[in-house]
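This report walks through a protein chain for a reader who is new to such structures. Please keep the structure in view and find each residue as it is named.

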Amino acid sequence: MSHLLSKPLASAILVPCFLSLGQLSLSLTKAAFSSSRNLSMDSSDSQHFQNVVVMRHGDRLDNCEPLWLSTAARPWDPPLAAPGKVRAFCTGRRLRSQLGFPIHRVFVSPFLRCIQTVSEVISALCAVVDDPANMTGEGVAIDPSKLKVSIEFGLCEMMSREAIRLELAPKDGNWGFIVSELEAMLPAGTVDSTVEGVYQELPQYEEGVPGSRTRYEKVIKALADKYPSENLLLVTHGEGVGVSISAFMKETTVYEVDYCAFSLSRRPVVFGEDQSFTAGNFQGLTKHGQTGISYYPLNPITDHM
């Protein structure tokens with residue numbers, strides 16, 4: 001997979017939220033709906049399909065306002081720009097209306113732009129009334145029983161100078177992520193603070209691009225294995241979304257991931273009588289350009305998705 005932090009990725013800020021995702025393909029929607037029906041089977045059935053959605057955060061402020069860095073107290077952790085909040089809420093609304101299955105559990109990177117993104121997405125997913133006049137989650141009444149959200153350090157940004165320039169990283173090595181403060185920013189009643197993360201702390205800075213890609217794949221699979229009966233939404237960074245494509249669609253190279261782009265993968269899960277389970281391989285269901293992700297197969301013959 002090509003490194004995603006390139007000029008094409010930065011150009012994503014120019015794409016309006018209602019154009020960045022396009023329409024989900026009919027085949028993707030049908031596949032997801034089939035998975036939803038399997039999830040709702042009665043207890044006599046032992047197999048269903050687990051769905052995992054991996055999504056990038058919305059538009060970051062430092063790409064919209066470059067001068068923000070000159071006065072920022074935490075230059076390594078920019079918030080969302082105002083258009084990013086709108087884009088995130090719009091994406092949550094599209095997930096709600098188009099996926100065809102419920103999201104049961106959400107995991108999010110501790111970086112502020114991801115926390116703010118997931119807050120908007122959850123507001124859209126859990127809105128009591130889906131009012132098309134709402135463009136952000138501000139003032140939207142939600143039903144917090146619909147899903148639970150937890151912070152996962154393993155979904156954090158690449159901890160390397162390719163993603164966070166050396167001069168922007170904290171000089172004392174203290175990145176300042178306090179879980180209780182981050183949880184307080186999430187919609188009330190949705191936080192599950194009892195979950196033990198795959199990563200208990202941030203990876204070391206300078207983990208490198210290959211190391212971060214290995215981490216993302218490990219975390220996606222570990223979270224799916226931890227909650228095999230639930231559909232998951234993972235809110236992370238561009239490279240993580242790229243890995244969610246390249247890891248499950250072999251011989252595929254991702255070259256652009258827009259803000260709030262998302263992938264969808266699913267796998268069959270068979271449960272035993274003793275609470276054990278056996279899971280099949282994930283199948284990537286994301287088509288090129290359909291949800292803000294651009295890729296090409298190294299071998300066109302394998303482009304069967």
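Ser160 touches Tyr205, Glu206 and Gly208, when residues up to four places away in sequence are not counted. The place of Ser160 is the loop between β3 (148-151) and α8, and, because its relative accessible area is 0%, Ser160 counts as buried. The model in which these contacts appear is a predicted one.

Turning to the chain as a whole, there are 10 helices and nine strands, and 53% of the 305 residues count as buried. If one takes the contacts between residues at least 6 apart in sequence, 79% of them join residues at least 24 apart.

Leu186 gives an example of a contact between residues far along the sequence from one another: Leu186 and Ile115 are separated by 71 residues in sequence, while their C-alpha atoms are 7.1 Å apart in space. Leu186 lies in the loop between α8 (179-183) and α9 (209-226), where it is buried, with a relative accessible area of 6%. Apart from its neighbours within four places in sequence, Leu186 is in contact with Ile115, Val118, Ser119, Val149 and Val191.

Two pairs of helices can be set side by side.

| Helix pair | Axis distance | Angle | Handedness |
|---|---|---|---|
| α6 and α7 | within 7 Å | roughly 40° | right-handed |
| α9 and α10 | 9 Å | about 65° | right-handed |

In the pair formed by α6 (residues 82-98) and α7 (residues 112-125), the axes cross at roughly 40°, and the two helices are therefore oblique to each other. On the side of α6, the contact is made by Lys85, Ala88, Phe89, Gly92, Arg93, Leu95 and Arg96, and on the side of α7 by Thr117, Glu120, Val121, Ser123, Ala124 and Leu125. Sorted by class, the residues of this contact are six nonpolar, three polar and four charged. A general point may help in reading such lists: an α-helix has 3.6 residues a turn, so residues three or four places apart point the same way.

The axes of α9 and α10 are 9 Å apart and the helices pack at an angle of about 65°, which makes α9 roughly perpendicular to α10. Here the contact is made by Arg213, Tyr216, Glu217 and Ile220 of α9, together with Glu239, Gly240, Val243 and Ser244 of α10. These residues divide into three nonpolar, two polar and three charged.

How many of the nine residues of helix α10 (residues 238-246) are buried? Eight of them are, so α10 is largely enclosed by the rest of the structure. The buried residues of α10 are Gly238, Glu239, Gly240, Val241, Gly242, Val243, Ser244 and Ile245. What covers them includes the helix α9 and the strands β1 (47-56), β4 (232-236), β5 (252-257), β6 (262-271) and β9 (293-297).

Finally, the cysteines deserve a look. How many disulfides does the structure hold? It holds zero. In the case of Cys156, the closest cysteine sulfur belongs to Cys114 and is 9.4 Å away, and because a disulfide needs the two sulfur atoms to be within 2.5 Å, this is too far for a bond. Cys156 counts as buried, at 0% relative accessibility, and Cys126 is buried with a relative accessible area of 0%.

Note on methods: Residues numbered from 1 in each chain as written. Predicted model: local features only at pLDDT ≥ 70, side-chain atom pairs only at ≥ 80, totals over all residues. Heavy atoms only, no water. Buried < 20%, exposed > 50% of the residue type's maximum accessible area, 1.4 Å probe, protein only. Axes fitted to C-alpha atoms, helices over the stretch in contact; angles between N-to-C directions. Helix = DSSP H or I, 4+ residues; strand = E, 2+ residues; numbered from the N terminus. Parallel < 35°, antiparallel > 145°, perpendicular 65-115°, else oblique. Left-handed = near helix turned anticlockwise from the far one by under 90°. Contact = heavy atoms within 4.5 Å. Nonpolar A, V, L, I, M, F, W, Y, C, P; charged D, E, K, R; others polar.
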